[in-house]
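Welcome! Please take a moment to look over the sequence and the 3D view, and then let us walk through them together.

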Amino acid sequence: MSLSNQVKIILIETTSSGNIGSTLRAMKNMGFSNLCLINPKKINFEEVKALSANAADLIDKIKFFNSLDEALEGTEIVVATSSRQRKVPWPTESLSDLSPTLISEIKKNKKISILFGREDRGLTNDELQKSNIHMTIETDKKYPCLLYTSPSPRDLSTSRMPSSA
C-alpha cells in the first residue's frame with residue numbers, strides 16, 4: 001500500500017501560488033505526494049518553491065487538469081471538503097468521524113481523492129455532487145473561511161495511515 005499512489009489531493013482553480021506550495025509541504029509531512037490542480041490561475045513557481053520548503057521535489061510531480069472529471073479518473077472514493085453547511089441536504093461527516101472510514105478504505109487499497117475548492121468560495125454544488133462523502137471542517141462561525149493549508153494538514157494527519165499498516 002502506498003499513500004502516495006492511493007490518495008490524490010485536488011485543488012480546484014486555486015489563485016494562490018503560496019497555497020500550492022504550502023499544500024505540498026503539508027502533504028509531504030503526511031506522506032502524500034499526489035497533487036492535482038484543476039485550472040489554476042497564474043502560477044509563480046518561485047513562490048510555490050519558497051512555500052513548499054523541503055517539499056520542492058513534489059513540484060515536478062504536480063498533475064494539471066482541465067476538468068474535475070479528468071482529475072477523478074480512477075478514483076473510487078471522492079471526499080469533498082467544506083467549512084460551511086449547504087442549503088442542499090447532503091449527508092455530511094465531520095473530519096474526526098470520517099477518518100476511521102478513510103483509513104479502512106485505504107487499507108483496502110481504494111483510490112481516494114480529497115477535493116478542496118476555490119479560496120474565495122469553495123466547491124460548487126456540481127462539484128459537491130461528484131463526491132461520495134461531504135466532509136465538513138469545523139471553524140469559528142464568525143469566520144468560516146479556510147485556506148487550503150488550514151484544512152490540509154489537519155485532514156491529512158487525521159487520516160494518516162500508521163507506517164506499519
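**A guided walk through the fold**

Buried residues make up 48% of the 165 residues in this protein. Please keep in mind along the way that this is a predicted model. The secondary structure comes to seven helices and seven strands. If you start at the N terminus and follow the chain, the elements appear in the order α-β-α-β-α-β-α-β-β-α-β-α-β-α. How do the contacts relate to distance along the sequence? Among contacts between residues at least 6 apart in sequence, 85% join residues at least 24 apart.

Let us begin on the inside. In soluble globular proteins, nonpolar side chains tend to be buried together. Here, the largest nonpolar core has 27 residues, and the members that touch the most others are I9, I20, L24, L35, V79 and I112. Which elements supply at least two residues each to this core? They are the strands β1, β2 (35–38), β4 (77–82), β6 and β7 (133–136), together with the helices α2 and α5. Helix α5 gives the most, with four residues. Apart from this core lies another one, made of 13 residues, including I10, F65, V78 and L123.

I112 is a good place to pause, as one of the core residues that touch the most other members. Leaving aside residues up to four places away in sequence, I112 touches Q6, V7, K8, T75, I77, V79, L102, E105 and I106. One of these partners, E105, is worth a visit of its own. E105 sits in helix α5. Is E105 buried or exposed? Its relative accessible area is 13%, so this residue counts as buried. With residues up to four places away in sequence again left out, E105 touches I77, K110 and I112. E105 also forms a salt bridge with K108, in which the closest N and O atoms are 3.4 Å apart.

That brings us to the charged pairs. How many salt bridges does the structure hold? There are seven. In one of them, R118 pairs with E13, and their closest N and O atoms are 2.8 Å apart. R118 lies in the loop between β6 and α6 (125–129), while E13 belongs to the loop between β1 and α2, so this pair ties together parts that are 105 residues apart in sequence. R118 is buried, with a relative accessible area of 7%. The pair also belongs to a wider arrangement, since E13, R118 and E127 are linked in a network of salt bridges.

Another salt bridge joins K130 and D69, with 2.9 Å between the closest N and O atoms. K130 is in the loop between α6 and β7, and D69 is in helix α4 (residues 68–71), so here the pair ties together parts that are 61 residues apart in sequence. K130 counts as partly exposed, at 36% relative accessibility. D69 is partly exposed too, with a relative accessible area of 48%.

Now turn to the backbone. Most residues other than glycine have a negative phi, and most peptide bonds are trans. Two residues in this model are worth a look with that in mind. E13, which you have already met as a partner of R118, has a positive phi of about 50° although it is not a glycine. E13 is found in the loop between β1 (7–12) and α2 (17–29). N109 is also a residue other than glycine with a positive phi, near 65°. Where does N109 sit? It is found in the loop between α5 (95–107) and β6 (112–116). N109 is partly exposed, with a relative accessible area of 45%.

Our last stop is a pair of helices. α2 and helix α3 (residues 45–52) pack at an angle of about 35°, and their axes are 7 Å apart. The crossing of these two helices is right-handed. On the α2 side, the contact is made by S17, G18, I20, G21, S22, L24 and R25, and on the α3 side by E47, V48, L51 and S52. What kinds of residues meet in this contact? Four are nonpolar, five are polar and two are charged. I20 and L24 of this contact may sound familiar, as both were named among the residues that touch the most other members of the largest nonpolar core.

Terms used:
Residues are numbered from 1 along each chain as its sequence is written. This is a predicted model: local features need pLDDT of at least 70, side-chain atom pairs count only at pLDDT 80 or more; totals for chains, interfaces and linings use all residues. Side-chain values use heavy atoms; hydrogens and water are left out. Buried means under 20% relative accessible area, exposed over 50%, partly exposed in between (1.4 Å probe, protein chains only). A nonpolar core is a set of buried Ala, Val, Leu, Ile, Met, Phe, Trp, Tyr and Cys residues joined through side-chain atoms within 4.5 Å. Contact means heavy atoms within 4.5 Å. A salt bridge is a side-chain nitrogen of Lys or Arg within 4 Å of a carboxyl oxygen of Asp or Glu. Axes are lines fitted to C-alpha atoms, for helices over the stretch in contact, and angles run from 0 to 180 degrees between N-to-C directions. A crossing is left-handed if the near helix is turned anticlockwise from the far one by less than a right angle, and right-handed if clockwise. Ala, Val, Leu, Ile, Met, Phe, Trp, Tyr, Cys and Pro count as nonpolar, Asp, Glu, Lys and Arg as charged, and the others, Gly among them, as polar.
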